[in-house]
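Hi,

Here is the structure I promised to pass on. Have a look at it first, and then read on for what turned up in it.

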Amino acid sequence: MRLTAAAVAVAIAAGALVACSPETPTSAGPGELTVDMAGGTQPAIEPAMLSAPAAAEIDGLEKVTDFIMGTPMDIAHEGGFPVGGATLTRSYATPLPQDVAATFAYWDEDHETWQAVPTTISNDRLTVSATVDHFSIWTDFVSGSQQALTAIRDRAAEAGQAVAEWTTNAVTTASEALHWSIGNIFTERVELPECELPTPNWVIDLPTGTGVNDSVRFCAGHDAANPKLLVLKARANRGFGFPVALDAQPSWEYNSTSENGLGNLIEQIGNLDQAVGSKTAELLNEGRYVGAGEEISFGIPSSSLEGFTSTYLLELPAPSAAQFVMSTIAGQIVAWGASKVEGTLAAALAIASCGSALSAVTEVGSAAGAALSCVREGDEEIAQMVGLVLLAGGMQENAAGKLAGKLVGRASVALALLPTAINIADFTQEVGLPRNARALTISIDSIEATTDESWPITADGVGPIRLAHVEEDFSQIRERRYICSGDQVAWGVGGSADDDIGGGERGPWIQVSRVGDVQGDVPAPRTADGITLGSTVADLKAAGYYSNVDSEFWFTTLDGVVLTAVTGQGVVTSLVLGKEGLGLYGCG
């Protein structure tokens, strides 16, 4: 079904499936696109003059995968589209190798994306065909290993077919031309993550390894803002992601996969559809999932390892087939120009919406095929959910609808062209590796029962959150329990670089506040002279704080930076660090 922007604000038509079918007799020459339609008449077929957005989307595909493409053709019929449908067929000079994937796709002007459609490769592998439901600008994409695509290109040239490297203006060449883009990287290899050395003195041994081809690259060190915290970092060194298992309670954690927003994505999707939200949570491992080439890090206090007896402190198990497909196409959508949040959202929803179809699938090719069929059937619903999550993130309705269509269109092409050799080879090898290949063990000194260390409040900031880099540090450090996280914790911390708090120009600022009446297991941040949440007015006076009218607001300076203590019923309920004295401002 072909959808228009008027019909679906946040939905699109998508999906592609490659299969084999009996040969279709054809007299077409290499590279020629033919149309078979009821009634015996023929539409007009001529090389398309691609718009700038259409060409730009193909430019983006170059960043995702190697491909070969026929000349995009503009197909039109004066009598309108035939009731009995039409079949497009592209011919090749040489049989397509077994390790390639192929799909027809049309240019969707409403959403400015190429939409893949179900496509079959003939048994002799000399043609690809697709039954279509409208005429517009169509082309075919073939993706595979560099060796396979180079062979197709070279044999086409030997057969006398016009062959040209893809450029934006190459679409003006002959209708039988074959365009190629070969030499792109379709996997992910990363540098070793960087940690502040050494590890805390309570760590006796924590081997991390330095192999450049390890599927996960680790480092260990300490937190510069709190040297007693052990910091662990893990980067996915593949073109797909991994679930993450940490057998300790961290003081903080950060995940670059989706700007630390996987938990929010899971929650927003669950609010729209509980079943899809549950499957999304499973795919993303409840938010502890690191994407292709991305990094997850933890700050671990010694107290969380008291009595530690597990084999592994940190482990990244091999992903399931569904997780592999999801994370691979997420990485491709991001490489195509989407943000990490957008790529993860579109890929996770595409696969999570097909949960029942993928539940028993363990082989990658079968998982991709099942996902393609499912996405084709549910493209509207998937795009609607993508759009609604984008809306919840503050995007305007029209922009959300258009972007949702583009993202799901890119997902359809990524799924259609998924079977490229390097990633599948990596995945197959990964499944066979022993657990310790992606895990860290630890030996620790005896640990006395104690609480976690408090974050220090200084002129520079609060713990790892620096006053001069508030927005940056809040994106890097996301406490599961303590950053504006609701009423089930003892304290929370908020802040902003904006010059606006309480109606005045006051920023940047950082505020620590009591949240609820529940006792937390980590003490609140405190100053060098011991002032923290719960300190009394007498404590403030003894530390040299002053109040103009002996009211609820008490002030001091830390190396020239004002610290405001807000009191209630004689005890400190908030501490606000900023360049001026600040009023009460609620966390979150």
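Before the counts, one cut-off: a salt bridge here is a side-chain nitrogen of Lys or Arg within 4 Å of a carboxyl oxygen of Asp or Glu. Keep in mind that this is a predicted model. With that rule, the whole structure holds 12 salt bridges.

**Salt bridges**

Let me start with Arg410 and Glu57, whose side chains meet in a salt bridge at 2.5 Å, N to O. Arg410 sits in helix α9 and Glu57 in helix α1 (residues 52-62), so this pair ties together parts that are 353 residues apart in sequence. Are the two partners buried or exposed? Arg410 is buried, with a relative accessible area of 8%, and Glu57 also counts as buried, at 5% relative accessibility.

Next come Arg235 and Glu295, another salt bridge with an N to O distance of 2.5 Å. This pair links distant parts of the chain too: Arg235 is in strand β16 (residues 226-236) and Glu295 in strand β21 (residues 295-300), 60 residues apart. Here the burial is mixed. Arg235 is partly exposed, with a relative accessible area of 21%, just as the cut-off for buried, under 20%, would have it. Glu295 is buried, with a relative accessible area of 14%.

Then there is Arg238, which forms a salt bridge with Glu430; the closest N and O atoms are 3.7 Å apart. Arg238 lies in the loop between β16 and β17 (242-243) while Glu430 lies in helix α10 (residues 421-431), so the pair ties together parts that are 192 residues apart in sequence. Both Arg238 and Glu430 are buried. One more item on this theme: Glu57, Lys406 and Arg410 are joined into one network by salt bridges that share partners.

**Helix α9**

The helix that carries Arg410 deserves its own paragraph. Helix α9 runs over residues 397-416, and at 1.5 Å a residue its 20 residues should span 28 Å; the end C-alpha atoms are 29 Å apart, which agrees. How many of its residues are buried? The count is 16 of the 20, so α9 is largely enclosed by the rest of the structure.

**Strand β10 and its neighbours**

Strand β10 (residues 127-132) is mostly covered, with 5 of its 6 residues buried. Strand β6 (residues 86-91) runs antiparallel to β10, and 6 bridges join the two. Strand β9 (residues 119-122) also pairs with β10 in the antiparallel sense, over 2 bridges. Which residue of β10 is the bridge partner of Arg90? That would be Val128, and Val128 is also the bridge partner of Ile121. The hairpin of β9 and β10 has 4 residues between the strands, and Arg125 there takes a positive phi near 60 degrees.

Thr131 comes up in one further contact worth a look on screen: Thr131 and Asp36 are 95 residues apart in sequence and 9.3 Å apart in space, C-alpha to C-alpha. Asp36 belongs to strand β2 (residues 33-37) and is exposed, with a relative accessible area of 57%.

**A small sheet**

β18, β22 and β23 form an open sheet of 3 strands in the order β18-β22-β23, with antiparallel pairing. Its edge strands are β18 (245-246) and β23 (439-440), each of which pairs on one side only. Between β18 and strand β22 (residues 314-315) there are 2 bridges, in the antiparallel sense. Leu246 has Leu314 in β22 as its bridge partner.

**Cavities**

The count comes to 2 cavities of 30 Å³ or more. The second largest has a volume of about 40 Å³. What lines the second largest cavity? Its lining includes Gly31, Met69, Gly70, Arg90, Ser91, Tyr92, Asp140 and Gln161, together with Ala177 and Leu178. The elements that give two or more residues to that lining are β4 (67-70) and β6. By class, the lining residues of the second largest cavity divide into 4 nonpolar, 4 polar and 2 charged. Arg90 therefore turns up twice in this email: in the lining of the second largest cavity and as the bridge partner of Val128.

Best wishes

Note on methods: Residues numbered from 1 in each chain as written. Predicted model: local features only at pLDDT ≥ 70, side-chain atom pairs only at ≥ 80, totals over all residues. Heavy atoms only, no water. Buried < 20%, exposed > 50% of the residue type's maximum accessible area, 1.4 Å probe, protein only. Pairing = 2+ DSSP bridges. Expected span 1.5 Å × (residues − 1). 1 Å grid on protein atoms, 1.4 Å probe; cavity = no way out; pocket = protein on both sides within 12 Å on 5 of 7 lines; lining within 4 Å. Points joined across faces, edges and corners; volume = space filled by probe spheres on them. Nonpolar A, V, L, I, M, F, W, Y, C, P; charged D, E, K, R; others polar.
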